[in-house]
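Here are some short exercises to work through with the model open beside you. Try each task before reading its solution.

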Amino acid sequence: MESLAVLAAVILLCIVTFGVVALVIAFRSPEKTWARVVATVAVTPAVIGGGWLALLDVGQGARVIGAIVLCAGVMAIARTWRSEEH
């Protein structure tokens, strides 16, 4: 049981880390196309992990964390590709 708790904590830590990376990318939106592609690839785990955690049938707190990470990932992708006019 102890190893299961550690595994759950590591998974949750990874998902939260993906969310933080997504927020950093959202506020420092790259200008070059290759950098936008790299940023999108870096943010994709936040969207997938956050969506998975938000849809998982677990406690309300974990679902809220998943929804926040999902929103951060979607916001990062939108801000990265929306500033294409520069």
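**Exercise 1. Find the accessible surface of the protein chain and the share that belongs to carbon and sulfur atoms.**
Start with the total: the accessible surface is about 5800 Å² (Shrake-Rupley method, 1.4 Å probe; for residues, only the protein chains shown count as cover). Then split by atom type: carbon and sulfur atoms hold 73% of that area.

A word on the source: this is a predicted model, where local features need pLDDT of at least 70, side-chain atom pairs count only at pLDDT 80 or more, and totals for chains, interfaces and linings use all residues. Residues are numbered from 1 along each chain as its sequence is written, and side-chain values use heavy atoms, with hydrogens and water left out.

**Exercise 2. List the helices and strands of the protein chain in order.**
Count first: there are three helices and zero strands (DSSP runs, numbered from the N terminus; helices are H or I of at least four residues, strands E of at least two). Reading from the N terminus, the order is α-α-α.

**Exercise 3. Locate the nonpolar patch and place I11 in it.**
Begin with the members: M1, L4, L7, I11 and W52 together expose about 580 Å². Patch residues have over 30% relative accessible area and no salt bridge (side-chain nitrogen of Lys or Arg within 4 Å of a carboxyl oxygen of Asp or Glu), with nonpolar side chains (Val, Leu, Ile, Met, Phe, Trp, Tyr) joined within 5 Å. Next, helix α1 (residues 2-27) gives the most, three residues. I11 lies in helix α1. Finally, I11 counts as partly exposed because its relative accessibility is 36%, between buried (under 20%) and exposed (over 50%).

Note on methods
Patch = residues over 30% accessible without salt bridge, like charges linked within 9 Å, V, L, I, M, F, W, Y side chains within 5 Å. Buried < 20%, exposed > 50% of the residue type's maximum accessible area, 1.4 Å probe, protein only.
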